[in-house]
Amino acid sequence: MPGLLSSPVCLTVIWFLSWSLHPSCAQIWTDEVSDVQFGRLESNVTLACGKSQIRIPIVWRHNGSLELSWHQVTSDGRLVLFRVDQSAQGNYSCYDDTRLLLHSVRLRLGHPPGLLSISCQVPNHTHVRCFWRDSVKTFLPAKYNASFRGKGMEWRPCIVDLTNRHCDVQDPAFWQTIHTLVVTETNALGSQTTYIQIRLNELLKPDPPQSVFVQEVEGYPTRLRVSWSNPFSWPVEDAFPLLFQIQYRPQGSIHWSEIFTEEDEVLIYDALAGHIHWVQVRARDEVNSDSQWSDWSPLSLLTPWQAYTSPDPSESPCIFDLCSTQPETSTSKTHGVVQGDEGNLGLVVLLVLFSVFILTTVLSLIFVVWMRQKRREHATKQELACMVKMKSMPI
């Protein structure tokens with residue numbers, strides 16, 4: 001059996017079969033990337049076909065295709081891509097003249113980091129949170145390192161949240177006037193460090209007051225009671241008191257009224273009776289005059305207390321005198337309407353009677369005149385008849 005395998009015929013068959021299978025093996029290995037290489041956009045990128053220099057003809061494929069962007073293959077098998085853009089990213093594979101896969105690499109393109117745009121929030125005396133945004137779109141994954149210190153103090157870490165791109169410092173040295181924050185961004189093409197100086201006393205801005213509640217005051221149609229609680233992020237110790245500003249106005253008005261207080265409740269005395277009122281509250285550190293006002297709390301809407309909100313006496317109780325007065329007023333109005341209708345009807349009846357009287361009188365006069373005329377005509381006829389008889393009598 002070993003002699004059979006070593007015969008020239010068997011060796012020729014085995015070599016032929018292995019050569020014919022190379023393309024299928026290359027197709028399988030094309031998607032297997034053994035390395036990742038990073039390059040800068042709009043620059044020339046060189047890809048090597050493995051670590052050793054190869055002096056044989058090399059064929060390069062991009063994502064399995066022979067179609068490559070503007071490029072050149074050097075004598076040692078390296079692929080040079082000129083002024084690459086995003087379309088040049090992907091998997092690159094190099095093959096020898098027998099279609100044997102020699103090496104594959106994944107190309108990612110982007111830019112080195114630029115300076116960051118950093119802003120900080122100070123919601124209370126014990127916490128600082130700083131956010132940043134890229135000034136350059138790198139298109140590449142990055143890592144961030146942040147440090148924080150007060151003037152003349154040692155550096156301390158600012159805990160980085162990579163997902164939300166911010167870092168947090170607990171219990172900063174608030175008595176220090178100026179603090180420095182340093183953030184370094186690093187990716188495969190380089191790194192960039194950004195420095196900023198901040199004043200915590202000027203950035204101190206509480207969160208809006210919580211649980212703002214507006215109540216009507218029973219029996220007082222021009223009063224409202226407003227209560228609230230400190231922001232959840234603000235320390236409960238008395239060492240950090242807050243000053244509160246309340247603004248309110250009736251719906252439809254453009255002018256706000258204001259009240260300042262250090263308490264957590266206030267009574268409004270000049271509300272407009274029967275109108276919906278808008279109420280908001282905000283807060284500021286009472287001791288630190290350089291601090292900022294918080295944002296306003298969400299609008300709260302309420303109408304002051306009203307004596308009779310329902311016209312149905314069975315639904316809401318009322319005072320006896322007022323309840324008894326309402327039906328009388330309604331009755332008197334109803335009587336007034338009825339009396340007015342009766343007066344109009346009487347006038348119409350009088351006009352009809354007067355018309356009938358006039359018509360009767362006119363008809364009577366006409367009848368009398370007609371009768372007189374008939375009598376006169378009858379008398380004239382009798383006189384003529386007598387005269388004729390007298391003339392016809394013999395003398």
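In the predicted model, Phe131 has His166 of strand 13 as its bridge partner. Strand 9 (residues 127-134) and strand 13 run antiparallel and are joined by 5 bridges. Strand 13 itself spans residues 166-170, and 4 of its 5 residues are buried. A further antiparallel pairing, over 3 bridges, links strand 13 to strand 12 (residues 159-161). Within this pairing, Val160 stands opposite Cys167. The two strands form a hairpin with 4 residues between them. In the turn of this hairpin, Arg165 adopts a positive phi of about 55°.

Two salt bridges involve residues of strand 9. Arg129 pairs with Asp168, with 2.6 Å between the closest N and O atoms. This pair links distant parts of the chain, since Arg129 belongs to strand 9 and Asp168 to strand 13, 39 residues apart. Asp168 counts as buried because its relative accessibility is 15%, under the 20% limit. Arg129, at 29% relative accessibility, counts as partly exposed. The side chains of Asp134 and Arg165 also form a salt bridge, with an N to O distance of 2.6 Å. Asp134 is in strand 9 and Arg165 is in the loop between strand 12 and strand 13, so this pair ties together parts that are 31 residues apart in sequence. Both residues are partly exposed, with relative accessible areas of 25% for Asp134 and 31% for Arg165.

Ala146, in strand 10 (residues 143-150), is in contact with residues of the hairpin. Leaving aside neighbours within four places in sequence, the contacts of Ala146 include Val160 and Cys167, the two residues that stand opposite each other in the pairing of strand 12 with strand 13. The other contacts of Ala146 are Pro157, Cys158, Val182 and Val183. The C-alpha atoms of Ala146 and Pro157 are 6.2 Å apart, with a separation of 11 residues in sequence. Ala146 is buried, its relative accessible area being 3%.

A salt bridge is also found between the side chains of Glu265 and Arg225, at 3.6 Å from N to O. Glu265 lies in strand 20 (residues 265-268) and Arg225 in strand 17 (residues 220-229), so the pair ties together parts that are 40 residues apart in sequence. Glu265 is partly exposed at 41% relative accessible area, and Arg225 is partly exposed at 28%. In total, the structure holds 6 salt bridges.

Gln247 is located in strand 18 (residues 242-250) and is buried, with a relative accessible area of 9%. Its side chain makes a polar contact of 2.8 Å with the side chain of Gln280. Beyond neighbours within four places in sequence, Gln247 is in contact with three tryptophans, Trp256, Trp278 and Trp296, as well as with Ser257, Glu258, Val279 and Gln280.

A nonpolar surface patch of about 700 Å² is made by Phe354, Phe357, Ile358, Leu359, Val362, Leu363 and Ile366. Phe354 lies in helix 4 (residues 320-392) and counts as exposed because its relative accessibility, 52%, is over 50%.

Over the whole protein, 4 helices and 22 strands are present. Of the 395 residues, 29% count as buried. The accessible surface comes to about 26,200 Å², and carbon and sulfur atoms account for 58% of this area. Among contacts between residues at least 6 apart in sequence, 62% join residues at least 24 apart.

Methods. Residues numbered from 1 in each chain as written. Predicted model: local features only at pLDDT ≥ 70, side-chain atom pairs only at ≥ 80, totals over all residues. Heavy atoms only, no water. Patch = residues over 30% accessible without salt bridge, like charges linked within 9 Å, V, L, I, M, F, W, Y side chains within 5 Å. Areas by Shrake-Rupley, 256 points an atom, 1.4 Å probe, with all protein chains shown as cover. Salt bridge = Lys/Arg side-chain N within 4 Å of Asp/Glu carboxyl O. Buried < 20%, exposed > 50% of the residue type's maximum accessible area, 1.4 Å probe, protein only. Polar contact = N/O pair within 3.5 Å; in protein donor to acceptor, adjacent residues only side chain to side chain. Contact = heavy atoms within 4.5 Å. Pairing = 2+ DSSP bridges.
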